[in-house]
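Colleague: I would like to learn how to read salt bridges and a nonpolar core in a model. Please take them one at a time.

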Amino acid sequence: DPDAITVTPTGANTALIQIANLETDLTTNNTGTLTIDGAGGADTLTVQGTSAADTITVARAATTTFTVNALKVISSPAATNEAFVVNADAGSDIITVSGIFGVASSLLVDGGGPDNSSGGNDRLIVNSVAGITTVRPGFTPDAGTVDVPAAGSAEDVNFAKLENLTVNGTGALVIRAERVGG
């Protein structure tokens with residue numbers, strides 16, 4: 001069965017885990033690795049930011065890691081979690097995405113505020129690899145897709161509710177700004 005799992009890091013060793021359709025919240029307190037494994041089905045893991053200004057790092061790999069400030073690091077096998085969401089929440093957040101593109105889990109970065117008129121000034125930084133990186137605007141001015149050089153669309157970085165986008169590349173980097181549908 002598909003699962004919708006939300007993890008909120010709450011301290012250096014603690015996190016709150018909520019699973020859709022399960023009325024019990026799970027609070028963890030451990031010094032080792034916290035791995036969220038959706039197992040079978042089309043699973044979505046959402047990692048929550050805080051209401052303050054956050055620095056969030058997503059390191060994509062066979063096991064993707066999420067770090068929110070200096071709080072508990074969340075690990076998740078890309079093979080068993082088909083979709084990742086980072087919900088930065090309120091505040092002026094900096095979200096950095098890097099790592100091995102080619103993992104078959106989609107990623108959506110949600111800045112948490114509709115635009116900088118709400119007081120937020122969110123920035124998404126995508127550290128891409130050599131090749132053609134395409135930035136596609138979305139249906140709203142604060143949304144879109146960074147299509148990184150990889151095998152398919154599952155590796156893309158989708159974003160919403162963000163005010164700033166930075167794309168860094170190693171070696172040659174080509175940015176193609178394309179409108180949706182053209």
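Modeller: Salt bridges come before the core here. This is a predicted model, where local features need pLDDT of at least 70, side-chain atom pairs count only at pLDDT 80 or more, and totals for chains, interfaces and linings use all residues. Residues are numbered from 1 along each chain as its sequence is written, and side-chain values use heavy atoms, without hydrogens and water.

Colleague: How many salt bridges are there by the rule?

Modeller: A salt bridge is a side-chain nitrogen of Lys or Arg within 4 Å of a carboxyl oxygen of Asp or Glu. The count here is two. In one, lysine 161 pairs with aspartate 110 at 3.7 Å, N to O. Lysine 161 lies in the loop between strand 15 (157–160) and strand 16 (164–168), and aspartate 110 in strand 11 (residues 106–110), 51 residues apart. Strands are DSSP runs of E, at least two residues, numbered from the N terminus.

Colleague: And the pair of arginine 136 and aspartate 147: which strands does it link?

Modeller: Their side chains meet at 3.0 Å, N to O. Arginine 136 is in strand 13 (residues 131–137) and aspartate 147 in strand 14 (residues 144–147), 11 residues apart.

Colleague: Is aspartate 147 buried or exposed?

Modeller: Buried means under 20% relative accessible area, exposed over 50%, partly exposed in between (1.4 Å probe, protein chains only). Aspartate 147 has 19%, so it is buried, while arginine 136, at 28%, is partly exposed. Likewise, aspartate 110 is buried at 16% and lysine 161 partly exposed at 35%.

Colleague: Which residues touch the most other members of the largest nonpolar core?

Modeller: Such a core is a set of buried Ala, Val, Leu, Ile, Met, Phe, Trp, Tyr and Cys residues joined through side-chain atoms within 4.5 Å. Leu45 and Leu124 do, among its 30 residues.

Methods
Helices (H or I, at least four residues) and strands (E, at least two) are DSSP runs, numbered from the N terminus.
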